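Trainee: I would like to go through this model with you step by step, from the chains to their interface and then to single residues. Could you keep the reasoning behind each answer explicit?

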Amino acid sequence: MGRRKKIVQECERLMDEPEHIRNIAIAAHIDHGKTTLTDNLLAGAGMISEDLAGEQLAMDTEEDEQERGITIDAANVSMTHEWEDTNHLINLIDTPGHVDFGGDVTRAMRAVDGALVVVDAVEGTMPQTETVVRQALREGVKPALFINKVDRLINELQEGPQEMQQRLQGVIQDVNELIRGMAEEKYEEEGWRVSVEDGTVAFGSALYNWAVSLPSMQATGIDFGDIIEYNRSGEDGIRELKEQSPLSDVVLDMVAEHFPNPLDAQPERIPTVWRGDADSDIANQMQAVDEDGEVVFMVTDIGMDPHAGEIASGRVFSGTLERGQDLYVSGTAGTNRIQSVGIFMGGEREEVERVPAGNIACVTGLRDSIAGSTVTSVEMTPFESIEHISEPVITKSVEAQHMDDLPKLIETLRQVSKEDPTIKIEINEDTGEHLISGQGELHLEVITQRIERNQGIPVTTGEPIVVFREFPRDASDVVEGISPNRHNRFYISVQPLSEELIELLKMGDASNDMPELERREALMEAGMDKDTALNVEHIHGANILIDDTKGIQHLNETMELVIEGLGEALDDGPLAAEPVEGALIRLHDAKLHEDAIHRGPAQVIPAVREAAHNALIDGRIALLEPIQNVRIDVPNEHMGAASGELQGRRGRVDDMYQEGDLMVVEGIAPVDEMIGFASDIRSATEGRASWNTENAGFQVMADNLQTETIMEIRERKGMKTELPVTVDYF
Amino acid sequence: MDTAPWVSLFSGGKDSSWALYQALENEYPVERLVTVHPDGDSYMYHVPATELAQLAARSIDIELLAVRPDSFETSSVKDVSEQGDAELIPLERTLKELAADIGPIGGVTVGAVESDFQNDRVQAMCERLGADVYAPLWHEPPRELATAMIDAGFEITIVQVAAYGLDESWLGRTLDHAAIDELVALNEEYGVHVLGEGGEYETLVTDGPHMDVPIELDYETEFDPSATRGRLQITDAWLVD
């Protein structure tokens, strides 16, 4: 029997012992080495050859990931590890480090109970580290810390034990600040604070395959002085260190000891990630990790296999997945039949007979599922929509070069949006010019390259276009909207929502599918007054419809059309048909024809749409543009050029400081101006700058640019290049 | 058959024309066409082109009685139902005067298809007058009705639009089979009634088997996209000799 097969068998055995399972994710800033870490953990567990580890990047399964040296899709692996004489099954989800792919990180966090935070010892915590740790804590995932690239402190920076420890303490402190900020109670009372003393911090070098932690140092007797010694005595020293204190043992021991098993984790995590009835049977089964209960499988990722087709992977919270089961997929009608059940080993999928509760599984046959679906044996409340901090900010048109490829391209685009819900696709079968929207220039570039290479469809892409928003700045007067047949009238006003309420809506913490009482409480907590909160009728994106009318005949049956008309008004705002956000819309009064045939959709929708647009215009609606936090690390002599690049892009430099031998420039700039930044900063700094961006929401565009930008968008969309008459404040 | 005289509620549009045509085909003794010219927005009667009804009546060769709206003060009435009732008063009075003149009215033809609002009120009025109601379109399938009109030789021009999905290109358009197909699609998409029963569009019948000569029109179109509404501004109309 092959070694690999033995491991698969051992995995299958351990699947039934939830107390010996750990479901974890590795989360880190780009280039902080988590893919190398993963590979060496796999090698240590005997999953891949040690010679190949570090080179192979087993988890970077997509060709373009290996080319770019960055990880794009969250991929899963399972491995076994012996801790305290008992074998443990460790299910690991890799997460992308580049912020453009933040949606994948959030999804991965849903499926795991522990997050191994990886930080580069030289660079320290970075903006992306913060984002990822926040995402983990938001989902109730317990953190532990691995400080990587410690060898660089010794070899490159020539630091002594004292300096090293100071630096490492600094990193630990930064991570703890983050944890305390996001989860103070757990930090203070439940040991979520990471510390060397508790053994929740390890140091090492993923590349050279060694690590230490306090427990390992106590066991091996190796201290910091020894580590420095070993590192300074060339290859032999490093080999010795690797043998004395191998990375995988130290890190996986920490994982096994400090991360909760599903039996401990699920009772606490189910209420965090699931909003259904806490006293129901299914809630009890999920909390109990009941493998004989109803099947509850949360899909966190959809991948493509050239032979097997779509593969849905995710966490089994209850029941047992088996081939032939007919399961419900949230948000779709009917059931899908499971074709096969398996686990991931590196880039490869191993089919197994069954995967019980508490495990990470991958299955085929769930053709209706997307990343984020809840898949169940009985219909139930789905897991709340997975929260994204990141909304699409950039759009590109994609066209097939050959007409023959058109159907295949459409299919591929649909597929892409299933695999990655942070990608939004707009199919236009009439013009053949489809739109894809995503998290950044690179995100879209990667997607289009995949279409070209994996599917072999040559495509032409347009220039990237930034996604704007429209936002009312003031409260409007009450505006009348009249139906085309003049038999129905609606009286509507708008006012801007507070930042806090907008944030609440964007996070999905107040949504249409929530129980009314719970939603009302969330809204009031975010500052909405009680009378308004009582009249909430509908939520559309980051906008709310308030129904202040009382007892108007036929309004109930017409409300659906009012909502539809409002939806159209908000999806295509009055300025440039960009989405409206942050509007509180009040319906004050309505006059309706008593005969239903005179108040159908063709009458109500345009009346409401027009009223909403006029109210928004009266509320001094303005264009918002997406902005990014930008951090540039650059040698001193190029600092002027680097900050100049930022300032020349309507950007703002907020901070400049020395870190190690580099200068750090931090600031913000509009996404629109950041297009093409990669090549510009490269040439301005002779390729010496490394940089990082992070989407930082939307802000009102400067008044002097509004009209010009609105006209540009209107022209691009083939709209009339004149503003609605009442817009005259620019 | 009772020979008491019938009247036809007649706007010149396709539905009332079809009711009239069916009545004539079935040999109802229709002796008067009655047209109500409302002020401003009407909740019950077709607003545009009612002046043209006079021309149509000449072509049909039945005398037309025009009810002038000076006696109903719709502008002061806010409620939709009250306005509908208010509009009925002068019509009912006119029919009573007519009965005094030509004898008790046997019945009334009406082009209602699905509007309970319109139908209920006419039914009630006729009950008070002791007249029958002939509503051959009532609850008939709209698409089949439209097809029947076209196949019977009705020449139908769209003179007003007021619905999502009906843009300026519909103004002055002839309602033919292609137009019906598009209306059916708009019905599925936006709930536009295929026959315009919800006020989505208004028509003028310019020719048909019940008319001796066709009506010719000169017109301009006016359309307000923000109100999703437009109509023909008819500058001249005449009967072709």
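**Reading the predicted model**

Mentor: Let us start from one residue: B:Tyr134 has a relative accessibility of 15% and therefore counts as buried. Bear in mind throughout that this is a predicted model.

Trainee: With which residues does B:Tyr134 form one aromatic cluster?
Mentor: One ring partner of B:Tyr134 is B:Tyr28, and because the ring centres lie 4.5 Å apart with the planes at 25°, this pair is stacked. B:Tyr28 sits in the loop between H1 and strand S2 (30-36) of chain B, while B:Tyr134 belongs to strand S5 (residues 132-134), so the pair ties together parts 106 residues apart in sequence. The aromatic cluster that holds B:Tyr134 is completed by B:Tyr28 and B:Trp6.

Trainee: How many aromatic pairs does the rule count over all chains, and what is the angle between the planes of B:Trp18 and B:Phe154?
Mentor: Over all chains the count comes to 7 aromatic pairs. The pair of B:Trp18 and B:Phe154 is edge-to-face, with 5.3 Å from centre to centre and an angle between the planes of 70°.

Trainee: How many residues apart are B:Trp18 and B:Phe154?
Mentor: B:Trp18 is in helix H1 (residues 14-25) of chain B, whereas B:Phe154 is in the loop between helix H5 (142-151) and strand S6 (155-161) of that chain, so the pair links distant parts of the chain, and the two residues are 136 residues apart.
With a cut-off of under 20% for burial, B:Trp18 is buried at a relative accessible area of 7%, and B:Phe154 is buried at 4%. The separation you asked for is thus 136 residues.

Trainee: Turning to chain B as a whole, what percentage of its contacts between residues at least 6 apart in sequence join residues at least 24 apart?
Mentor: Chain B has 6 helices and 9 strands, and of its 241 residues 56% count as buried. Among its contacts between residues at least 6 apart in sequence, the share that joins residues at least 24 apart is 71%.

Trainee: And in chain A, what is the corresponding percentage?
Mentor: Chain A contains 25 helices and 32 strands, and 58% of its 730 residues count as buried. For contacts in chain A between residues at least 6 apart in sequence, the share joining residues at least 24 apart is 73%.

Trainee: What area do chain B and chain A bury between them?
Mentor: The size of an interface is often given as the accessible area lost when the parts come together. Here 25 residues of chain B are in contact with 19 residues of chain A. Carbon and sulfur atoms carry 51% of the area buried between the two chains, which is about 1900 Å².

Trainee: Which side chains form the salt bridge across the interface?
Mentor: The rule finds 1 salt bridge between chain B and chain A, and it finds 11 residue pairs in polar contact across the interface, both residues being at pLDDT 80 or more. The salt bridge, at 3.7 Å from N to O, joins the side chains of A:Glu594 and B:Arg121.

Trainee: Which element gives the largest share of the side of chain B that touches chain A?
Mentor: The elements that give two or more residues to this side are helix H3 (80-102) and helix H4 (116-129) of chain B. The largest share, 3 residues, comes from H4(B).

Trainee: Where is A:Asn209, and is it buried or exposed?
Mentor: Most residues other than glycine have a negative phi, and most peptide bonds are trans. A:Asn209, by contrast, has a positive phi near 70°. It lies in the loop between strand S6 (201-205) and strand S7 (210-213) of chain A, and because its relative accessible area is 12%, A:Asn209 is buried.

Trainee: What is the relative accessibility of A:Val289?
Mentor: A:Val289 also has a positive phi, near 55°, and lies in the loop between helix H14 (281-287) and strand S8 (296-305) of chain A. A:Val289 counts as buried because its relative accessibility is 6%.

Note on methods. Residues numbered from 1 in each chain as written. Chains lettered and ligands numbered in written order. Heavy atoms only, no water. Contact = heavy atoms within 4.5 Å. Buried area = accessible area lost by both parts, 1.4 Å probe. Salt bridge = Lys/Arg side-chain N within 4 Å of Asp/Glu carboxyl O. Polar contact = N/O pair within 3.5 Å; in protein donor to acceptor, adjacent residues only side chain to side chain. Helix = DSSP H or I, 4+ residues; strand = E, 2+ residues; numbered from the N terminus. Phe/Tyr/Trp six-rings, centres within 6.5 Å; stacked < 30°, edge-to-face > 60°. Buried < 20%, exposed > 50% of the residue type's maximum accessible area, 1.4 Å probe, protein only.
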